[in-house]
Amino acid sequence: VTERFSKIGSGAKLELLNISATVSNVISYLRPRISDKVDVTVDVEEEILVMHNPALIEWVVENISKNAVDAMEGVGHLNVHIHRTNDWVYIDIKDTGKGIPAKQLKTIFEPGFSTKTRGWGLGLSLVKRIVKEYHKGTVAVLESQINVGTTFRISLPLNIL
């Protein structure tokens, strides 16, 4: 945790590494720490080399995944799908939770936004900063339906050096 947060305030070193391994690593870490009633799958098309900081990307995936488990109230399905195009790698994190109301979609990445009574509203704003500023990518809600679920998409460019 200390390593991750120390990198947020400083220039994070990016390395050409397999993003599939990075994501699989954090999901393996999370698996025993979340409800047994959440079915977790990771779909990876291939080894995908992309410039990234593993500690920070792990934190991004962990934060979105934990929010997803919370949205499912500990019961449901979490699917992480990693795929690429010629220029981008996509990490789609899909849950079967309660969904995000349309009126909240524009504010979920702003500091202070939280649906949790004890939440500080920093998680998704840091997710956005890590992806956008350090990795030159984007993070967005790909789709969300009330009582069906939500899919977050992390997009990372393949050609930054």
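How many salt bridges does the structure hold? In this predicted model, the structure holds 3 salt bridges, and they make a convenient starting point for a walk through the fold.

One of these salt bridges joins the side chains of Lys66 and Glu62, with an N to O distance of 2.8 Å. Both residues belong to helix α3, which runs over residues 54-71, and because they are 4 residues apart there, about one helical turn separates them. The two partners sit in contrasting surroundings. Glu62 has a relative accessible area of 7% and is therefore buried, the cut-off being under 20%. Lys66, at 40% relative accessibility, counts as partly exposed.

A second salt bridge is found in helix α4, where the side chains of Arg129 and Glu133 meet at 3.3 Å, N to O. Here too the spacing is 4 residues within the helix, so the partners are separated by about one helical turn. Arg129 is partly exposed at 35% relative accessibility, and Glu133 is likewise partly exposed, with a relative accessible area of 44%.

The side chains of Asp92 and Arg153 form another salt bridge, at 2.7 Å from N to O. This pair links distant parts of the chain: Asp92 lies in strand β5 (residues 88-95) and Arg153 in strand β7 (residues 149-157), 61 residues apart. Asp92 is buried, since its relative accessible area is 10%. Arg153 has a further partner to look at, for it lies over the face of Tyr90, at 4.3 Å from the ring centre.

Helix α4 deserves a closer look. Its 12 residues, 123-134, should span 16 Å at 1.5 Å a residue, and its end C-alpha atoms are indeed 16 Å apart, so the expected and modelled spans agree. Buried positions in α4 are Gly123, Leu124, Ser125, Leu126, Val127, Ile130, Val131 and Tyr134. Just after this helix, Lys136 adopts a positive phi of about 55°.

Attention now turns to the nonpolar interior. In soluble globular proteins, nonpolar side chains tend to be buried together. The largest nonpolar core in this model comprises 40 residues, of which Ile19, Ile64, Ile91, Ile154 and Leu156 touch the most other members. Two or more residues are given to this core by each of α2 (19-30), β2 (38-44), α3, β4 (76-84), β5, α4 and β7. Helix α3 supplies the largest share, with 8 residues.

Ile64 offers a good view of how these parts come together. Apart from its neighbours within four places in sequence, Ile64 is in contact with Ile93, Leu124, Val127, Val139, Phe152 and Ile154. Among these contacts, Leu124 and Val127 are buried residues of α4.

Phe152, also in contact with Ile64, leads on to the aromatic side chains. Across the whole structure, 1 aromatic pair is found. It is formed by Phe109 and Phe152 in an edge-to-face arrangement, 6.1 Å from centre to centre and with 80° between the planes. The two rings bring together distant parts of the chain, as Phe109 is in the loop between β5 and α4 while Phe152 is in strand β7, 43 residues away. Phe109 counts as buried because its relative accessibility is 15%, and Phe152 is buried as well, with a relative accessible area of 8%.

How values were computed:
Residues are numbered from 1 along each chain as its sequence is written. This is a predicted model: local features need pLDDT of at least 70, side-chain atom pairs count only at pLDDT 80 or more; totals for chains, interfaces and linings use all residues. Side-chain values use heavy atoms; hydrogens and water are left out. The expected span of a helix is 1.5 Å times one less than its number of residues. Buried means under 20% relative accessible area, exposed over 50%, partly exposed in between (1.4 Å probe, protein chains only). A salt bridge is a side-chain nitrogen of Lys or Arg within 4 Å of a carboxyl oxygen of Asp or Glu. A nonpolar core is a set of buried Ala, Val, Leu, Ile, Met, Phe, Trp, Tyr and Cys residues joined through side-chain atoms within 4.5 Å. Contact means heavy atoms within 4.5 Å. Rings of Phe, Tyr and Trp (its six-membered ring) pair if their centres lie within 6.5 Å; planes under 30 degrees apart count as stacked, over 60 as edge-to-face and the rest as tilted. A charge sits over a ring if NZ of Lys or CZ of Arg is within 6 Å of the ring centre and within 35 degrees of the ring normal.
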